[in-house]
Amino acid sequence: MESLLKEGRVFDPPAAFRAQANVGADLYDEAAKDRLAYWGRQAEQLDWFRKWDRVLEWNPPFAQWFVGGKLNACYNCVDRHAAGGRADKPAIIWEGEPGDSATLTYADLLREVTRFAAVLKQLGVNQGDRVAIYMPIIPQTVVAMLACARIGAAHSVVFAGFSPEALAFRINDSGAKVLITADGYWRRGQLLSTKQNANVAVESCPSIETVLVVQRAGNDVAEGWVDGRDRWYHEEALSATGDVPCAELDAEDPLYVLYTSGSTGKPKGALHTIGGYLTHVASTHRAVFDTKESDVFWCTADIAWTTAHSYVVYGPLANGTTIFLYEGAPETPHRGRWWELIAKYRINVLYTAPTAIRTFMKWGAVEPAEFDLTSLRLLGSVGEPINPEAWIWYQTHIGGGRCPIVDTWWQTETGGMMVAPLPGVTPTKPGSATRPLPGIDVAVVDEDGNPVTRGGGYLVVKSPWPGMLRTVWGDDQRYASTYFSKFGPETYFAGDGARLDEDGYLWFLGRVDDVVNVSGHRIGTTEVESALVGHPAVAEAAVIGREHEVKGQAITAFVVLREGNEPSAALEKELKAHVTREIGGLARPEEVRFAPELPKNRAGKILRRLLRDIAEGRELGDTTTLIDPTVVAVLQSHK
Ligand code: PRX
């Protein structure tokens, strides 16, 4: 896991930025002195109906934060701003792909969320229930999430690009009672129907009582509409009246379940609870993005991903920030669309992923130069290691050399950022997410759990933190075995390799398990393998991630066919389409290689390292452990 990268550049925070930054170097010291007191002070920035009795109760590997405290996430994200001087301040500014737009002030947001909560109540959704949300990037998606939070129902948001099968799995695993979806949405100039996929999914979801449909695109949804089960949101809203107050919830009550891929088995539902999570995301949003009252904040992630849960919805809105949402694709209708939006809405902070930056780099610096990007004052990156060239390009062509860059490392499971610079304090090095944030106890260890001071090792978190997942939904055992067994029940195993440099900076080296990171999205190799093996022509499949210039990693599938099937371009196409149908376009293999056999060791384990070498065209290492060493020669010749 040794990184070959020799990156020596260091950038101090620009003096002008440092002078106005929200937090100073003392934040590190303050947290180091007393971690729990530090988090307690962060929690005090929220409004509580009842203050907590204890900051932390730690029964490894199970944590409870702000024990005995009562609060409501919606109250903190909406009501307190609408009542406290931000009523007329924009909460959400949205632009659709075709160019339609909407602005909701905090007062509007309160009205919309209350109405949505009343509809959910009318449909029989109660505190403790789960609600699935399968929606495009429109303001009503945020409204629906906050409405769930208001009444104490946990939401589970599913990416609109996921297949009906992937949606059905998540609904069934979480036991959701209501599915909220939209008629359709715009993507790359195409009208896509969310409702059609929802129809297919709910056929195998016995827990779903109602499919609530929000009107977005106005497309015809008559086909497959089931009266009684399917209801238009705008029609329900006519009869759902009356005030729905924020439920007084326990700090440890569920806020949401968000599914993520791991190295084995089906996706896991990461459970996040209210008090600790909200404390973590609000405080990191304030410190790392140097949030100012006048900021317009744009996090480009789809609302269905963890990045947007924490830094589109809960973090920024808890801080009363104006968020910007864009429905569509960056190249529609032209490659300058993002830059045009930044200029049009005077966006101040941009948070995006390295894969997007690499795409823009490929397109060149001409488009961004055509737009006025001087409103930007800070740039963020998340989702995968950012290549130093991409970092420099981002800083130069988007940030005009004046914006600090915050590379932020975290995961669906961590809830919020864990490793990132404080932009007015921490010198940055292109490609490194720098240091653990105040109050976060991270280390790099070897196979035996001993600290590694030079070279690479495993990234672990040695003490609980407020935003951590509380369990895997419905499966405490899986929670313990996935995250808290490799190094014992007190140490969180993140699944990432990392290297510490001489300044104590962290350099992330990618996953150490069988998770592929495609364009910043986690895809479990077993899921793709299971999908492939589910095809009648396939006997066996092994899936690996290989390096890819834009996506970071791309999926290569090695496939052994059943008797009677022959490799062909048509079958390759069919298998790619099959994976798209089963999981979604994100998991579609870039390449399918047919193989007469897979390279296995004598224990029958597939040697993925060799497959990676083959896919990336490298010299092969030791092949003597193989049952049949001639297999690799055949695979190499099968281009
Ligand atoms: O491998 C790390 C990578 O993304 C994984 C988490 O994926 P997910 O749960 O989908 O959340 C992504 C957005 C928070 C991590 O295990 N990763 C995320 N951010 C970085 C990163 N790798 C390097 N540098 C980052 N800044």
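Pro333 sits in the loop that runs between β17 (322-326) and α12 (337-345). In this predicted model, the residue deserves a pause, since a cis peptide bond joins Thr332 and Pro333, with omega about 0°. The chain holds another example: from Pro60 to Pro61 the peptide bond is also cis, with omega near 0°. Here the setting is the loop between β1 (54-59) and β2 (62-67), where Pro61 has its place. As background for a newcomer, most peptide bonds are trans, and most residues other than glycine have a negative phi.

The second half of that rule leads on to α12 and what follows it. The buried residues of α12 are Arg337, Trp338, Trp339, Leu341, Ile342 and Tyr345. In helices of this kind there are 3.6 residues a turn, so residues three or four places apart point the same way. Just after α12, Arg346 takes a positive phi of about 50°, although Arg346 is not a glycine. Arg346 belongs to the loop between α12 and β18 (349-352). Is Arg346 buried or partly exposed? With 40% relative accessibility, Arg346 counts as partly exposed, because the partly exposed class lies between the 20% limit for buried and the 50% limit for exposed.

Ser519 offers a second case of this backbone geometry. Its phi is positive, at about 50°, and Ser519 is not a glycine either. The residue is placed in the loop between β26 (515-518) and β27 (521-524). Ser519 has a relative accessibility of 21% and so counts as partly exposed. For contrast, Val213 in strand β11 (residues 210-214) is buried, with a relative accessible area of 0%. Val213 and Asp88 are separated by 125 residues in sequence, and their C-alpha atoms are 29 Å apart in space.

Attention now turns to a sheet. In general, the strands of a sheet pair through backbone hydrogen bonds, either parallel or antiparallel. Which of these applies here, parallel or antiparallel? The pairing is antiparallel, in an open sheet of 4 strands that follow the order β21-β22-β24-β25. At the edges stand β21 (442-445) and β25 (506-511), each of which pairs on one side only. From one strand to the next, the twist averages 45°.

The sheet can be walked from one edge to the other. β21 and β22 pair in the antiparallel sense over 4 bridges, and within this pair Val442 stands opposite Val461 in β22. Strand β22 (residues 456-461) is mostly covered, with 5 of its 6 residues buried. On the next step, β22 and β24 are antiparallel partners over 5 bridges; Gly457 stands opposite Ala498 in β24. The walk ends where strand β24 (residues 492-500) meets β25, again in the antiparallel sense, over 4 bridges. Here Asp496 has Arg511 of β25 as its bridge partner.

Asp496 and Arg511 come up again at the ligand. How many residues lie around the ligand, and which come nearest? There are 17, of which Asp407, Thr408, Thr412, Asp496 and Arg511 come nearest. The bridge partners Asp496 and Arg511 are thus both among the nearest residues. By class, the shell is made up of 5 nonpolar, 7 polar and 5 charged residues.

Polar contacts to the ligand involve both side chain and backbone. A polar side-chain atom of Thr412 lies 2.6 Å from an oxygen atom of the ligand. On the backbone side, an N or O atom of Gly383 lies 3.1 Å from a nitrogen atom of the ligand, and an N or O atom of the Glu384 backbone lies 3.4 Å from a ligand nitrogen atom. How much of the ligand does the protein cover? On its own, the ligand has 540 Å² of accessible area, and the protein covers 95% of this. The elements that give two or more residues to the surrounding shell are α11 (306-318), β20 (405-408) and β25. The last of these, β25, is also an edge strand of the open sheet, and β25 thereby links the two parts of this description.

Terms used. Residues are numbered from 1 along each chain as its sequence is written. This is a predicted model: local features need pLDDT of at least 70, side-chain atom pairs count only at pLDDT 80 or more; totals for chains, interfaces and linings use all residues. Side-chain values use heavy atoms; hydrogens and water are left out. Two strands pair if DSSP finds at least two bridges between them. Axes are lines fitted to C-alpha atoms, for helices over the stretch in contact, and angles run from 0 to 180 degrees between N-to-C directions. A residue is near a molecule or strand if one of its heavy atoms lies within 4 Å of it. A polar contact is a pair of N or O atoms within 3.5 Å; within protein, one must be able to donate a hydrogen and the other to accept it, and residues adjacent in sequence count only if both atoms are side-chain atoms. Accessible areas come from the Shrake-Rupley method with a 1.4 Å probe; for residues, only the protein chains shown count as cover. Ala, Val, Leu, Ile, Met, Phe, Trp, Tyr, Cys and Pro count as nonpolar, Asp, Glu, Lys and Arg as charged, and the others, Gly among them, as polar. Buried means under 20% relative accessible area, exposed over 50%, partly exposed in between (1.4 Å probe, protein chains only).
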